[in-house]
Amino acid sequence: MSQALVEVKGLVKHFPLQRRLFSTAPVAVVRAVDGVSFDIRRGETLGLVGESGCGKSTTGRMLLRLIEPTSGTMKFDGVDVAGLGPEQLRECRRNMQIVFQDPYASLNPRMTVERTVSEPLEVHGIASGEEKRRRVRELLELVGLSSYHAKRYPHEFSGGQRQRIGIARALAVNPKFVVCDEPVSALDVSIQAQVLNLLQDLQEQLGLTYLFISHNLSVIEHVSDRVAVMYLGKIVELAAKDDLYAAPKHPYTRALMSAVPVTDREQRKKRIMLEGDVPSPINPPSGCRFHTRCSMATDVCREQEPELLDVGGGHWVACHLCQ
């Protein structure tokens, strides 16, 4: 088993709501992420999946401290990221990068591709002059573009090409770890496969480690080694991809799996329909946060919050019915 590159324990992010006039106390807090723990091994892809608003993107951005955590620890290669000062954090970020969801919004429309991709090289003092231009050409070719694209602007490219530019920018500083935050959800289906294959090829070629965030279970299955399932700010199940997809244990995971389209009629599962909407993260339910939508919930589910425990073979589940 390879050593963990990223270690997260008890990660919390609460966003205070607008304060009342002349009051310093917040009206309430949004519990976006509420005690998340996991690790990511060197060279693997950990898929993070869940419904919109469950805290996936917030978790990914906290790992890079693009969002400051409320509490918890985040270690990258043994270093406590949460305790780093500005200069130390900038040095650490050479090894941690992110590919954003919207390939157009994440690029400056007034900057050429060359300026966009070379900016990290300048910020970190890696290359300048002709060496910088050569590195930009190498990066563009690495992601499937051509050197003549360097002088163009983002609006001159398709969505898939823009995402390739975003990937090139992320790889400019030779990172070890990349957060892929819904990198294909804004792309056409035919282009999604190309970008996913590119990310996998780059991982093998450069020895990258990924946190791959998506709401699409089919995409997660295609790219991940292990999968973590989030619900309302909590991880409810974490297991190797094959184990999770073959035998999901948490009721929420089983409901998600039943909604995945399958072409083989014999492999189709009976659709599990969840009742009601996802509760508000401002006032989450007591006990198990899924109990308000779970048909198997008991009194203990309503009263006690389940721990995320290993039920065997590295398969972690937070459910009273599985422990």
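**Exercises on helix H9 and strand E8**

In this predicted model, the buried residues of helix H9 are Pro251, Tyr252, Thr253, Ala255, Leu256, Met257 and Ser258.

**Exercise 1.** Determine why helix H9 (residues 251-258) counts as largely enclosed by the rest of the structure, and find which elements cover its buried residues.

*Solution.*
- Step 1. Apply the cut-off: a residue is buried when its relative accessible area is under 20%.
- Step 2. Count the residues that pass: 7 of the 8 residues of H9 are buried, so the helix is largely enclosed by the rest of the structure.
- Step 3. Look for the cover. Among the elements over the buried residues of H9 are two helices, H7 (217-223) and H8 (241-246). Strands E9 (226-231) and E10 (234-240) also contribute to the cover.

**Exercise 2.** Establish whether the two faces of strand E8 are covered or open.

*Solution.*
- Step 1. Take one side: Thr209, Leu211 and Ile213 are buried.
- Step 2. Take the other side: Tyr210, Phe212 and Ser214 are buried as well. Both faces are therefore covered, and with 6 of the 6 residues of E8 (residues 209-214) buried, the strand is largely enclosed by the rest of the structure.

**Exercise 3.** Identify the strands that pair with E8 and the handedness of the crossover from E7 to E8.

*Solution.*
- Step 1. Strand E3 (residues 45-49) runs parallel to E8 and is joined to it by 5 bridges. Within this pairing, Val49 has Ser214 as its bridge partner.
- Step 2. Strand E7 (residues 177-181) is also parallel to E8, with 5 bridges between them. Here Leu211 of E8 lies opposite Val179.
- Step 3. Between E7 and E8 the chain passes through helix H6 (residues 189-206), giving a right-handed β-α-β crossover.

Note on methods. Residues are numbered from 1 along each chain as its sequence is written. This is a predicted model: local features need pLDDT of at least 70, side-chain atom pairs count only at pLDDT 80 or more; totals for chains, interfaces and linings use all residues. Side-chain values use heavy atoms; hydrogens and water are left out. Buried means under 20% relative accessible area, exposed over 50%, partly exposed in between (1.4 Å probe, protein chains only). Helices (H or I, at least four residues) and strands (E, at least two) are DSSP runs, numbered from the N terminus. Contact means heavy atoms within 4.5 Å. Two strands pair if DSSP finds at least two bridges between them. A crossover is right-handed if, with the strands pointing away from the viewer, the path from the first strand over the helix to the second runs clockwise.
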